Every structure is written in structure tokens, then in C-alpha cells.
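Thank you for sending this model for comment. The notes below are meant for someone who is looking at it for the first time.

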Amino acid sequence: MSIEACIAHAIHKDLDIIEALPEVYELPMEQLEQHIDHYIHGLQQNLVKAIKTLGEPYIKAKDAAGLCITCLRAGVTLPPEMMLKMCQTILQLNAIEARFIADNAEGASVYYMKLTINA
């Protein structure tokens, strides 16, 4: 998977918006969706930039903790535990060679995956 796809999946899977962005409690309902969308878009951009520029050694070494610290030092503002979980997800997904094909009639995503089986 591309690093962008890995990051998008990690955000979807591991981001707890209430923990990451506690000020949402104080926002008026009309501003909530726009504020959260803006935050997630910025988070994804920051993660892509940090990982593409500084994260390659940690991705090759499959070092989630090193990738986590690198992202935090690069200015990604997430609680460390959440950032570590996202980095673990990114590394797991990065190892999968998959390509999105389409969504089926039931709404499930269909991927082409290359597998190596040792017999």
C-alpha cells in the first residue's frame, strides 16, 4: 500500500477525535463537522510530510516507536500512545502489497493483494 493509504487507514482505525481534540466539547454544533474535517486533513498532511521526509529508516526497520517519536518531533500533535498505535498500523499496512479495486454492491472495499506462501 502507498504510505498515503496506510496513513488514511491508520487515522480511520486509531484516531480518537475526543482524546486528540478535546476542545470539540466547547464548539457550537454548527462548527463541529468543519473543525473536525479540517483537523483530520491537517493531521494527514502532517503525517505524510513527516513520514516521507524523515520516516523511511524507521519504515524499513519496522520500528514503530522510532517512527512515532519522529512524527511527534516533526510537530504531529497527538497523544503519544495514540501516535504509537497509528505508527504500528502504518507499518502493518505498509507490509501489505495491495491495490484498491472498487467497492462492491454491499459497500465493502475490494483489493487486489499479492501474497507469498511458503509451502
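The numbered points that follow go from the chain as a whole to its salt bridges and then to two single residues.

1. The first thing to keep in mind is that this is a predicted model, and the remarks below should be read with that in view. The protein chain holds 6 helices and 2 strands, and from the N terminus on these elements run in the order α-α-α-α-α-α-β-β.

2. As to overall dimensions, the C-alpha trace of the protein chain spans about 55 × 40 × 20 Å along its principal axes. Of the 119 residues in the chain, 32% are buried, and when contacts between residues at least 6 apart in sequence are considered, 54% of them join residues at least 24 apart.

3. The surface and the charges can be taken together. The protein chain exposes about 8,100 Å², of which carbon and sulfur atoms supply 56%. There are 9 positive and 15 negative side chains, and the centres of these two sets lie 15 Å apart.

4. How many salt bridges does the count come to? The count comes to 3, and one of them is the pair formed by the side chains of lysine 52 and glutamate 4, with an N to O distance of 2.4 Å. This pair links distant parts of the chain, since lysine 52 belongs to helix α3 (residues 29-54) and glutamate 4 to helix α1 (residues 3-14), with their positions 48 residues apart in the numbering. Glutamate 4 counts as partly exposed, at 30% relative accessibility.

5. A salt bridge also joins the side chains of glutamate 56 and lysine 60, at 2.9 Å from N to O. Here both partners lie in helix α4, 4 residues apart, which is about one turn of the helix. Glutamate 56 is partly exposed, with a relative accessible area of 44%, whereas lysine 60 is exposed, with a value of 64%.

6. The side chains of lysine 13 and aspartate 14 likewise meet in a salt bridge, with 3.4 Å from N to O. Are these two partners buried or exposed? Lysine 13 counts as exposed, because its relative accessibility of 51% is over the 50% cut-off, while aspartate 14 counts as buried, because its relative accessible area of 10% is under 20%.

7. Both residues of that pair appear again in the surroundings of threonine 89, which lies in helix α6 (residues 80-94). If residues up to four places away in sequence are left aside, threonine 89 touches Ala10, Lys13 and Asp14. Threonine 89 is buried, with a relative accessible area of 5%, so a reader may wish to view this residue together with the contacts just named.

8. Lysine 62 deserves a separate look for its backbone. Its phi is near 55°, a positive value in a residue other than glycine. Where in the chain is lysine 62 found? Lysine 62 sits in the loop between α4 (56-60) and α5 (64-73), and with a relative accessible area of 59% this lysine is exposed.

Conventions. Residues are numbered from 1 along each chain as its sequence is written. This is a predicted model: local features need pLDDT of at least 70, side-chain atom pairs count only at pLDDT 80 or more; totals for chains, interfaces and linings use all residues. Side-chain values use heavy atoms; hydrogens and water are left out. Buried means under 20% relative accessible area, exposed over 50%, partly exposed in between (1.4 Å probe, protein chains only). Contact means heavy atoms within 4.5 Å. A salt bridge is a side-chain nitrogen of Lys or Arg within 4 Å of a carboxyl oxygen of Asp or Glu. Accessible areas come from the Shrake-Rupley method with a 1.4 Å probe; for residues, only the protein chains shown count as cover. Lys and Arg count as positive and Asp and Glu as negative; His and the chain ends are not counted. The place of a charge is taken as NZ of Lys, CZ of Arg, CG of Asp or CD of Glu.
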